[in-house]
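Take a look at the fold below. We will walk through its sheet, then its helices, then one residue.

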Amino acid sequence: MSLKFWKPGTAGPGSSLDRDTQNEENVVQSTLAYSSLSIQSQRERLPIYKHREKLLYCTDKYGVIIVVGQTGSGKTTQLPQYLMEAGWASENNVIACTQPRRVAATSVAGRVATEVGSLLGDEVGYTIRFEDVSDKQRTRILYMTDGMLFRETLVDPLLSRYSVIMLDEAHERSLYTDLLLGVLKKIRRKRPSLRLIVSSATLDAASFLDYFSDTTSPNDAIIVSLEGRMFPVEVAYLQQPVPDYVSAAANTAFEINSKHGPGDILIFLTGREEIDRCLEELSELAPKQVTCSMIKIISDNSSRTPRSAPRLVLLPLHAGLTTEEQLAVFEPAEKGTRKVIVSTNIAEASVTIEGIKFVVDSGFVKIRVYNPTTGLASLSTVPTSVASAIQRSGRAGRTSPGICYRLFTQETFERLPYSTPPEITRTDMTTPLLQLKSLGIDNIMKFEWVSAPPAESVLRALESLFAAGMIGEDGRLTPVGQKVAECPVDVGIARMLFSSKDFQCGEEILTIAAMCSVQDVFIIPDGAQGALAELERRKFTAEEGDHLTLLNVYNAFTRYGRSSGWCKSHALSFRGLSRAVSIRAQLKKYMQRFNLPLESCQGDAKRLRRCLVSGYWRNGARWVGDGTFRSVRGNRTLYVHPTSVLFTRKPRSGWVVFHEMEETKKTQIRIITEIEPEWLLDHGHRYEDNRVTTNAVAVG
DNA sequence: GAGCACTGC
């Protein structure tokens with residue numbers, strides 16, 4: 001198959017990027033293609049320096065500055081330093097800069113500390129969950145995850161220690177960025193001296209400007225644009241759509257290898273299955289391959305490859321890989337070889353690989369979508385957005401000019417949505433609403449969202465909070481709701497922690513809560529090794545179900561010295577279990593603060609399971625003859641997830657509770673424990689009675 | 001009878 005690409009006359013679709021930008025006067029033209037001078041190490045030569053005075057002037061005169069700048073403009077590292085030099089961090093004021101990801105917060109803080117000549121954690125620091133490398137008195141510039149700053153609002157609702165807050169990567173619209181935008185707009189009314197810097201991509205700048213320029217403060221916000229330090233990236237579109245973008249991606253990479261000079265290739269697909277198939281097809285195109293390891297396939301020059309073409313080094317990249325496997329993509333290609341990295345969306349923003357000259361973009365992405373009507377989350381493959389396509393193509397221009405091959409037509413590109421719907425519109429709002437209520441924001445409908453969550457989502461969340469006893473009939477927080485709002489866990493898990501006092505099983509529930517908060521700790525590879533891993537897993541199996549199995553795993557992990565070697569020999573994830581240890585330690589502090597005893601149930605599994613029901617009572621299910629379950633609420637057909645120990649056995653009592661359900665091809669339940677049906681009745685009645693009363697009041 | 005986009009507290 002030969003694919004026909006078409007390159008528009010100009011470099012990149014830059015001219016069409018500004019169609020959404022209304023405030024032209026304030027916007028310095030910024031396009032994907034920007035010719036760079038040679039890379040300078042002195043920060044004075046960073047393009048942002050030209051805008052230093054303007055940025056400081058705007059920070060003086062305006063409350064909200066929307067900064068538009070590409071990767072490489074230096075905004076994240078330089079802007080906080082300019083602000084500090086200009087005195088914004090004097091008198092014990094702190095300049096905060098939030099990031100959606102932990103690695104970004106830590107690595108940027110390290111770089112800036114070096115530039116400032118500070119020890120990390122002294123004048124420049126960072127705060128992420130489980131790690132606070134900052135000094136309460138001395139730190140002037142603080143990088144942090146957006147979730148951490150939002151958490152801080154629960155303790156200090158006016159965020160009074162900060163003079164300037166920069167929300168970096170705001171265009172990504174993470175859940176916490178959106179919550180912070182709403183809360184910070186409110187804070188600025190009470191504390192106008194607080195400066196807000198919102199870092200955004202070109203496409204979203206106008207909507208942020210609208211959001212902050214309301215009638216009460218029409219001239220409070222301004223857009224400032226910075227050039228990026230990117231090399232030009234040529235964009236090629238398919239002339240005709242293709243039926244199978246996975247094959248098309250493999251073919252395109254193969255053709256790039258035959259026709260173009262040096263430079264690595266990055267392919268964007270949606271998931272592990274597609275990545276594996278693409279790697280397979282690529283190795284078939286170059287048949288004399290040599291498989292070096294599970295993750296690295298080197299293809300030799302084949303008859304179809306011109307003599308001059310380099311050999312291909314094929315590398316998968318997705319979050320399911322171990323750390324070592326992920327690190328392989330950063331190793332420079334050996335002489336005479338060319339790397340082909342076949343990746344999920346992880347390479348779009350989370351992971352940056354230098355030396356990429358060619359990007360192949362499938363135009364699709366897998367996103368998690370929450371259905372508030374059914375309460376089900378599902379993963380669906382959807383077309384990417386314009387913003388995403390631009391971000392992906394930009395990955396080709398980090399170290400030299402590059403080319404991006406889009407596996408769709410230009411007409412398709414022009415019909416793409418500008419951006420992916422913000423997370424807040426497609427996620428369960430139960431915990432976020434509890435936290436907003438804890439901040440004193442009771443009228444959720446009147447809260448000024450940048451993008452409002454769907455009304456059904458809000459109603460469902462309120463109903464869950466009421467059912468869990470976190471809010472009363474008046475919609476206000478109950479005393480337990482106030483406490484739970486501070487805990488970094490789901491409300492169901494929090495209820496279990498609180499009722500562990502009655503069942504005298506705090507020790508065990510704490511462990512289970514931590515283990516339920518990490519991703520699957522069992523590593524089951526394909527093939528023969530998978531069968532061995534299954535045997536390892538059986539060693540931990542508790543017949544009561546997955547919760548107790550997870551408890552066994554955790555206890556064994558700590559008993560054998562928390563060693564990575566032990567994990568490897570038992571097919572367990574060291575990363576996951578170490579994280580569980582941290583989470584458990586954190587939750588333990590909350591339990592101590594709330595005077596919840598840390599008693600052990602001394603092996604009494606019944607007490608433990610009754611305690612689980614206190615958190616999961618709305619997640620009950622009943623076995624039916626054909627091997628599936630029916631949910632107590634909604635009578636939905638549920639399939640057991642293959643990772644469950646109940647996948648292969650029928651529960652003796654016929655009844656279970658489960659941690660979560662998710663829609664894939666079928667509705668599946670994960671982390672399941674067998675229960676006695678009458679235990680469910682301990683919890684439902686009062687809630688149902690209340691609901692009848694509430695409805696009667698509403699009707700009356 | 002068979003599965004896992006990516007973050008974050």
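Two strands count as paired if DSSP finds at least two bridges between them. Keep that rule in mind while tracing this predicted model.

Start with the sheet. Eight strands build it, and the sheet is open. Read across, their order is E5-E4-E6-E3-E7-E8-E2-E9. The pairing is mixed. Which strands lie at the edges? They are E5, residues 131-133, and E9, residues 221-226. Each of these pairs on one side only. On average, neighbouring strands of the sheet are turned by 20° against each other, with direction ignored.

Now zoom in on the E9 edge. Strand E2 covers residues 64-69. E2 and E9 pair in the parallel sense, over six bridges. Within this region, Gly69 stands opposite Leu226 in E9.

Next come two helices that lie across strands. Helix H3 spans residues 102-116. H3 lies across E3 (94-99), E4 (124-128), E5 and E6 (141-145). Its direction is at about 170° to E4. Helix H5 spans residues 175-190. H5 lies across E2, E7 (162-167) and E8 (195-200). The angle between H5 and E7 is about 145°.

Finish with a single residue. Arg52 sits in helix H1, which runs over residues 52-61. Is Arg52 buried or exposed? Its relative accessibility is 14%. Buried means under 20%, so Arg52 counts as buried. What does Arg52 touch, leaving aside its neighbours within four places in sequence? Arg52 is in contact with Tyr82 and Glu85.

Notes. Residues numbered from 1 in each chain as written. Chains lettered and ligands numbered in written order. Predicted model: local features only at pLDDT ≥ 70, side-chain atom pairs only at ≥ 80, totals over all residues. Heavy atoms only, no water. Helix = DSSP H or I, 4+ residues; strand = E, 2+ residues; numbered from the N terminus. Buried < 20%, exposed > 50% of the residue type's maximum accessible area, 1.4 Å probe, protein only. Contact = heavy atoms within 4.5 Å. Axes fitted to C-alpha atoms, helices over the stretch in contact; angles between N-to-C directions.
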